[in-house]
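Me: I have a model open in my viewer and would like to learn how to read it. Could you take me through it one feature at a time?

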There are 2 protein chains.
Amino acid sequence: MDIERSISALNNPMRRRILEWLKDRSNFPPALPGHEDLEGVCVAYIQEKAKLSQSTISNYMGLLKQAGFVKAERHGQWTFYRRDEENIQAFLTAVKDELLKM
Amino acid sequence: MDIERSISALNNPMRRRILEWLKDRSNFPPALPGHEDLEGVCVAYIQEKAKLSQSTISNYMGLLKQAGFVKAERHGQWTFYRRDEENIQAFLTAVKDELLKM
DNA sequence: TCCATAAATCGAAATATCTCGATATACCAA
DNA sequence: TTGGTATATCGAGATATTTCGATTTATGGA
């Protein structure tokens with residue numbers, strides 16, 4: 001739990017927005033045939049919704065992953081990203097512990 | 001509650017450390033004579049502990065204030081800063097609501 | 001094997017943040 | 001009013017972040 005890295009990853013409106021989008025798979029187009037069982041979303045779908053370049057989104061997802069907010073799973077040529085709820089919860093607890101007085 | 005500005009203010013180790021120091025007035029030298037009733041801490045004390053320049057600390061305290069994490073109270077030539085516990089709590093709630101799935 | 005597609009990495013320009021010393025402002029005391 | 005002390009603001013250089021297009025790497029299919 002590197003709070004420095006996590007806060008830094010959150011310090012960007014689009015990255016926060018992506019984390020929100022990933023709360024609900026239905027924010028994105030349906031899964032590709034043969035990947036219906038996966039909960040994650042591929043980079044291209046996120047890019048399309050964010051309207052930023054492919055390299056930027058790939059970079060953003062890498063930062064969110066390093067921060068522990070998402071998990072990546074490679075299937076063939078696709079990387080599927082999904083939220084890491086446990087780590088997100090752990091981050092919230094850590095921030096609370098650091099910020100709150102008692 | 002401008003979450004953008006707040007996260008930005010937190011995105012710096014020394015500013016977070018100052019917020020922690022301010023949890024307990026005894027992290028700093030005793031109040032100056034005639035100011036024993038004030039809970040806040042003057043800029044000079046914070047600067048001494050942080051070992052950064054006066055202008056940097058003044059700037060940091062301004063950012064923390066804009067973010068709502070501290071309140072400033074001017075008494076004579078001193079500005080006394082103290083935590084704004086209500087706003088800190090409000091920020092934590094806002095981050096939780098934005099980050100957490102349910 | 002060769003090509004197409006998805007994603008990651010690289011290099012760079014634009015912008016923002018950090019941090020300083022110098023200066024300005026506000027206030028108090030003599 | 002003059003001088004001293006505390007804080008805020010200004011301007012600038014160093015460093016970091018943002019975002020892009022181009023390239024590289026990985027994979028799968030014909």
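Reply: Happy to; we will go from the fold of one chain to the helix pairing and then to the DNA strands. Please keep in mind that this is a predicted model.

Me: Let's begin with the fold. How many helices and strands are there in chain A?

Reply: A good habit is to list the elements before looking at details. Chain A has five helices and three strands. Read from the N terminus, the elements of chain A follow the order α-α-β-α-α-β-β-α.

Me: And what does the radius of gyration say about chain A?

Reply: The idea is to set the value beside what a globule rule gives for the chain length. For the 102 residues of chain A the rule gives 13 Å, and the radius of gyration is 14 Å, close to that, so chain A is as compact as a globular protein of that length. Along the principal axes, the C-alpha atoms of chain A fill a box of roughly 50 × 25 × 20 Å.

Me: Now the two chains. At what angle do helix H5 of chain A and helix H5 of chain B pack?

Reply: For a helix pair, look at the angle between the axes and then at how far apart they are. Helix H5 of chain A and helix H5 of chain B, residues 85-99 in each, pack at about 175°, and their axes are 11 Å apart. Angles over 145 degrees count as roughly antiparallel, which means that H5(A) is roughly antiparallel to H5(B).

Me: Which residues in H5(A) and H5(B) meet?

Reply: From H5(A) come A:Ile88, A:Phe91, A:Leu92, A:Val95, A:Lys96 and A:Leu99, and they meet B:Ile88, B:Phe91, B:Leu92, B:Val95, B:Lys96 and B:Leu99 in H5(B). Sorted by class, this contact holds ten nonpolar residues, two charged ones and no polar ones.

Me: On to the DNA. Which residues are the closest to DNA strand C?

Reply: With a nucleic acid, ask who is around it, then which part of it is approached. DNA strand C is surrounded by 21 residues, and the closest are A:Gln54, A:Gln77, B:Thr56, B:Asn59 and B:Tyr60. Sugar or phosphate accounts for 60% of the strand C atoms within 4 Å of the protein, and bases for the rest.

Me: Which elements supply the surface near DNA strand C?

Reply: Helix H3 (43-50), H4 and strand E3 (78-83) of chain A, along with H4 of chain B, each supply at least two residues. H4(B) gives the most, with four residues. The surface near strand C divides into 13 polar, seven nonpolar and one charged residues.

Me: What do individual polar contacts with strand C look like?

Reply: Check which atom of the DNA each side chain approaches. An N or O atom in the side chain of A:Gln54 is 2.8 Å from a base nitrogen of strand C. For A:Gln77, a polar side-chain atom lies 2.7 Å from a base oxygen of strand C. A:Thr79 has a polar side-chain atom 3.1 Å from a sugar or linking oxygen of that strand.

Me: What should I look for around DNA strand D?

Reply: Use the same routine. Of the 21 residues around strand D, A:Ser55, A:Thr56, A:Asn59, A:Tyr60 and B:Ser55 come nearest. The largest share of the surface near strand D is from H4(A), with four residues. A polar side-chain atom of B:Gln54 is 2.9 Å from a base nitrogen of strand D. Phosphate oxygens of strand D are approached too: a polar side-chain atom of B:Ser58 lies 2.8 Å from one, and a backbone N or O atom of B:Val43 lies 3.1 Å from one.

Note on methods:
Residues numbered from 1 in each chain as written. Chains lettered and ligands numbered in written order. Predicted model: local features only at pLDDT ≥ 70, side-chain atom pairs only at ≥ 80, totals over all residues. Heavy atoms only, no water. Near = heavy atom within 4 Å. Polar contact = N/O pair within 3.5 Å; in protein donor to acceptor, adjacent residues only side chain to side chain. Axes fitted to C-alpha atoms, helices over the stretch in contact; angles between N-to-C directions. Parallel < 35°, antiparallel > 145°, perpendicular 65-115°, else oblique. Contact = heavy atoms within 4.5 Å. Nonpolar A, V, L, I, M, F, W, Y, C, P; charged D, E, K, R; others polar. Rg over C-alpha atoms; globule rule 2.2 N^0.38 Å.
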